[in-house]
Amino acid sequence: MEVKLHTARTLVGRLRGAAAVHDGAATAVAVAEIRHMSKGDPEIRALLADAGAVPFLAAQLTAPSAASEDAAAALLNISISAREQLMSTPGLLDALMAALRAEEYSAAHHAAATVHSLLCVEAYRPVIGAKRPLLAALVSLLRAAPNTRATKDALKALFGVALYPPNRATLIGLRVVQALFALIMTDGRTGIMEDATAVVAQVAGCAESLDAFMRMSGLRILVDLVEQGSASTPRTRENAAAALLNLVVAGGERAVAEVIAVGGAEDAVRELAEDGTASARGKAKAESLLRALECGAGARRREHRLVDFLNGLVQSDPYISSPASASTHG
């Protein structure tokens, strides 16, 4: 470890020296070396952070430079082992936001992946969620759709943001619902569909979600994704059911009525609940959603039980707000 500590200090010293004299070429070489070392040796990541690498790497993201991509990749590598050092660096989130907005999408996808890495720490979710421009940059990256890697990294970061319930209304205000459904309707790549519906399921779990979903014909789209005969993968079907379930839990009687009003909704959910090939998680979500819809239909006649049922569902169902693609975001 003493050798690695010496190596880390030497690498950061080179970067500090090059930055001090504004030598762009030497800075790029030093950043590339740090990227290489942080990728191949997990033990050196925290040592690089302790030696002071993070502020100098972050500085490379605030303005386009030859070192931007390597700096973003190095920060991602370091974040895996030294998240606290990154979050304690002043201006780090602003630097990541600048990279997300840059035209160099290779730096943008590394920045999005770094945000996702930081969001693995539960305590950082409200902090990052309070950076509205950063969230807006992630949503904009979805709309830009530069390549599969950048889109998937942006989706994973947004998933992490939405795990903190108060962040969901902020994301809706930033028109994430429109961006997500546009992606679902135009992108046929399996991985993108699964990750996009996972984010949709999380965002659905707030009171503001129903109106936003309805403006995009989201209920119809979700029911279509649940249907057995659709082109959806099992994970996408499960995520769509989770989104509908979260909508009715968050939206109450009105949301239940709106879902029931979608033609074929109950039949599609029943098919998933009875599908022997579906996962236990998917079947449980479908069963809970079906009970909510049946209770809602009965409430039209009996004028009771639905609110109590939904409240009980929140307390008893461990699968609410837990889309199938969550495992790909951890």
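# A tour of an all-helix predicted model

Begin by selecting Ala 63, which counts as partly exposed because its relative accessibility is 40%. The model on the screen is a predicted one, and Ala 63 sits in the loop between α4 (53-59) and α5. If you add Ala 102 to the selection, you have two residues that are 39 apart along the chain, with their C-alpha atoms separated by 8.6 Å.

**Next stop: Ser 68**

From Ala 63, move along the chain to Ser 68, a residue of helix α5 (residues 68-81). Ser 68 counts as buried, because its relative accessibility is 9%, where under 20% is the cut-off for that word. Show the side chain of Ser 68 and look for two polar contacts: the backbone oxygen of Gln 60 is reached at 3.1 Å, and the backbone nitrogen of Ser 65 is also reached at 3.1 Å. Which residues is Ser 68 in contact with, once its neighbours within four places in sequence are left aside? They are Gln 60, Leu 61, Ala 63 and Ala 107, so that the starting point of this tour, Ala 63, is among them.

**Zoom out: the whole protein**

Switch to a cartoon view and colour by secondary structure, and you will find 20 helices and zero strands in the protein. The protein has 330 residues, of which 53% count as buried. Taking contacts between residues at least 6 apart in sequence, 71% join residues at least 24 apart. With the surface displayed, the exposed area is about 13800 Å², and carbon and sulfur atoms supply 53% of it.

**Into the nonpolar core**

Nonpolar side chains tend to be buried together in soluble globular proteins. Here the largest nonpolar core has 112 residues, and to see those with the most contacts inside it, select Leu 48, Leu 57, Leu 92, Ile 128, Leu 222 and Leu 244. The largest share of this core, 12 residues, comes from helix α17 (residues 234-261). Centre the view on Leu 92 and show what surrounds it: not counting residues up to four places away in sequence, Leu 92 touches Val 54, Ala 58, Leu 75, Leu 86 and Leu 118.

**Helix α13 and what covers it**

Now select residues 176-186, which form helix α13; because eight of its 11 residues are buried, this helix is largely enclosed by the rest of the structure. The buried residues to pick out in α13 are Val 176, Val 177, Gln 178, Ala 179, Leu 180, Phe 181, Leu 183 and Ile 184. What covers these buried residues of α13? The cover includes α10 (132-144), α11 (148-162), α12 (166-173), α14 (190-203), α15 (209-215) and α16 (218-226), and giving each of these helices its own colour makes the surroundings of α13 easier to follow.

**One aromatic pair**

Stay in this region and look for ring pairs, of which the count comes to one in the model. The pair is made by Phe 181 and Phe 213, whose ring centres are 5.3 Å apart and whose planes stand at 85°, so the arrangement is edge-to-face. Since Phe 181 lies in helix α13 and Phe 213 in helix α15, the pair ties together parts that are 32 residues apart in sequence. Both Phe 181 and Phe 213 are buried.

**Leu 155 in a covering helix**

Select Leu 155, which is found in helix α11 and counts as buried because its relative accessibility is 0%. Add Ala 196 and draw a C-alpha to C-alpha distance, which comes to 6.4 Å for two residues that are 41 apart in sequence.

**Two loop residues with positive phi**

Go next to Ser 217, in the loop between α15 and α16, where phi is near 55°, a positive value in a residue other than glycine. Ser 217 counts as partly exposed, because its relative accessibility is 45%. His 22, in the loop between α1 (2-20) and α2 (24-40), likewise has a positive phi near 55°. Is His 22 buried or exposed? His 22 is exposed, because its relative accessible area is 72%.

**Last stop: the cysteines**

Finish by selecting Cys 206 and Cys 295. Cys 206 is buried, with a relative accessible area of 8%, and Cys 295 is buried too, at 4%. How many disulfides are there in the model? The count comes to zero, where a disulfide would need a pair of cysteine sulfur atoms within 2.5 Å.

Note on methods: Residues are numbered from 1 along each chain as its sequence is written. This is a predicted model: local features need pLDDT of at least 70, side-chain atom pairs count only at pLDDT 80 or more; totals for chains, interfaces and linings use all residues. Side-chain values use heavy atoms; hydrogens and water are left out. Buried means under 20% relative accessible area, exposed over 50%, partly exposed in between (1.4 Å probe, protein chains only). Helices (H or I, at least four residues) and strands (E, at least two) are DSSP runs, numbered from the N terminus. Contact means heavy atoms within 4.5 Å. Accessible areas come from the Shrake-Rupley method with a 1.4 Å probe; for residues, only the protein chains shown count as cover. A nonpolar core is a set of buried Ala, Val, Leu, Ile, Met, Phe, Trp, Tyr and Cys residues joined through side-chain atoms within 4.5 Å. A polar contact is a pair of N or O atoms within 3.5 Å; within protein, one must be able to donate a hydrogen and the other to accept it, and residues adjacent in sequence count only if both atoms are side-chain atoms. Rings of Phe, Tyr and Trp (its six-membered ring) pair if their centres lie within 6.5 Å; planes under 30 degrees apart count as stacked, over 60 as edge-to-face and the rest as tilted.
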